[in-house]
Amino acid sequence: MFSQQDSKPDWVFRNARIIDGTGAPSYLGEVAVRGDVITAVGPVGTILEQGTNEIDLAGLALAPGFIDAHTHDDRIVLDAPDMLPKISQGVTTVVVGNCGISLVPVQFSSEPPPPPMNLLGNAASYQFPTFADYAAAIASVKPAINVAALIGHSALRLAVMPDITVKATDAEIARMGDMLTEAMENGAVGWSTGLFYPTNAAADADEVAALGRYVSEHAGVYATHMRNEFENVLESIDESVATAKNAGTPLIISHHKCAGVENWGRTEQTLPKIAALAEEHPINFDVYPYSAGSTNLRADLMTDTYPIMISWSEPHPEMTGRYIVDIADEWGVDIHTATSRLQPAGAIYFQMDEDDVRRVLSSDLSMIGSDGLPHDVHPHPRLWGTFPRVLGHYSRDVGLFNLETAVHKMTGLTAKVFGLTRRGEIAPGKFADLVAFHPDTVGDLATYESPLQQSVGIDWVMVNGALSFSANGAPTTRAGRLVHRDN
Ligand SMILES: [Zn+2]
């Protein structure tokens, strides 16, 4: 039944500095929300009706909720659905299933899942043979933030292949393709590879392209942790682009970097190369705002040319947060022996050049993705700090780009790349994912030494029209959903 009451907005935000996510200049304005949708936006004086809740945002910026383009939050959204590390940064959507690693469709009968699958949890964490199962779990848990999901190639290979050290047969590709089809039909937004990882490395470009075609049929994207981010980074870019073109999928190069001391400075080669290739095929990349990476502790990544910090260790939890050279010293062994004694373990590698990080962040093609590892005991600070660090440190303090561009890289651009047509912008008809923050004080506090620090300057976060985080500790609700094209 229609009445006057029905048309009244639930929320009207007044006097906000609106940064709409498109990269356009911000302006002082107001936004109305009804249910889970933005119903009106404009300069001060546009919205004449009163909202049930009238909020004055003088002095605050209002932006679309941030989309974390690169996460490994597949399991943590179910196990710790408040998602405090992310929502406290203003993140309202996480893209899960990166680097070839996803909870669907593989299951493990024995502990531990092989690296890198152990980055998502133990064997019991893997309980979703179909994407429909995972979608149902998201719907029933209802995490505080939205989830957009990729399916990982390692998860497919481990589900189907008795021997993952070889290339898949045609029959195995067909089975993996059926699983990808099921996932895409039930709401996945694309798929990923992690050709750098032992569970994925035996797949050649033909296997990847053959599987990519199943995803392309459903307009999905292809994200890749490339085979090589060290000396062969240029060759890996060629392989990634050729494969994506062959499959007919847009390409997302994951956490673009030039790793290893001898490769520092080489983004001066990679970025122009990618930009030229992007003229002919849709290509973007994600980046986290730090010069250290993090993954499993790996013998083949061990070096004394830059520091390496332990982020977790099953046999030696007392060594988390310490540098490998110090641990080796204390034990009276070399770093390689120390590495094998710590296994299974995770590490933070200080393997990048700050100038490279800044060049990648500054590229028009880059989106912000944390790549945070939520199950690590002593995680890389990117888990708690990525988005405020880009807004505060890199945009406001260093001046790499203006605030509108910073927000665009974490909202409108990301939504466009992943095909999330109703997210990432403040405009009528878009879902009401919003973040209000203090542009003068927003910033990260998490450090390598003390990584479990909540960022500052994020005032509140709304997800699908529900107040879902408040810096002052006011009660909130969880309203996250599985998101895909048009929802
Ligand atoms: Zn990766």
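**Domains.** I began with the domain assignment of the protein chain in this predicted model, and I noted domain 1 as 66–291 + 352–418 and domain 2 as 295–348. Taking the centres over C-alpha atoms, I found domain 1 and domain 2 to be 25 Å apart. To their contact, domain 1 contributes 16 residues and domain 2 contributes 13 residues.

**Interface.** I then looked up the area buried between domain 1 and domain 2, which comes to about 1200 Å², with carbon and sulfur atoms giving 62% of that area. On the side of domain 1 that touches domain 2, I recorded 11 nonpolar residues, 4 polar ones and 1 charged one. How many salt bridges are there between domain 1 and domain 2? The count I obtained is 0, whereas the rule for polar contacts finds 7 residue pairs across this interface, both residues of a pair being at pLDDT 80 or more.

**Largest pocket.** Next I turned to the open spaces, where the largest pocket holds about 210 Å³. Its lining is made up of 13 residues, and I wrote down Asn118, Gly121, Asn122, Trp312 and Glu314 as those nearest the centre of the pocket. Sorted by class, the lining of this pocket gives 6 nonpolar, 4 polar and 3 charged residues. Why does the largest pocket lie between domain 1 and domain 2? I place it there because both domains give residues to its lining.

**Second largest pocket.** For the second largest pocket I noted a space of about 160 Å³. I listed its lining residues in sequence order: Pro250, Leu251 and Ile252, then Ala278, followed by His281, Pro282, Ile283 and Asn284, and finally Leu365, Leu413, Lys416 and Val417.

**Cavities.** Last, I checked for enclosed space, and with a threshold of 30 Å³ or more I found 3 cavities in the structure. The largest cavity contains about 160 Å³ of space. Which residues lie closest to the centre of the largest cavity? Of the 20 residues in its lining, I recorded Tyr197, His225, Lys257, Ser294 and Thr295 as the closest.

Methods. Residues numbered from 1 in each chain as written. Predicted model: local features only at pLDDT ≥ 70, side-chain atom pairs only at ≥ 80, totals over all residues. Heavy atoms only, no water. Domains from an automatic or database assignment. Contact = heavy atoms within 4.5 Å. Buried area = accessible area lost by both parts, 1.4 Å probe. Salt bridge = Lys/Arg side-chain N within 4 Å of Asp/Glu carboxyl O. Polar contact = N/O pair within 3.5 Å; in protein donor to acceptor, adjacent residues only side chain to side chain. Nonpolar A, V, L, I, M, F, W, Y, C, P; charged D, E, K, R; others polar. 1 Å grid on protein atoms, 1.4 Å probe; cavity = no way out; pocket = protein on both sides within 12 Å on 5 of 7 lines; lining within 4 Å. Points joined across faces, edges and corners; volume = space filled by probe spheres on them.
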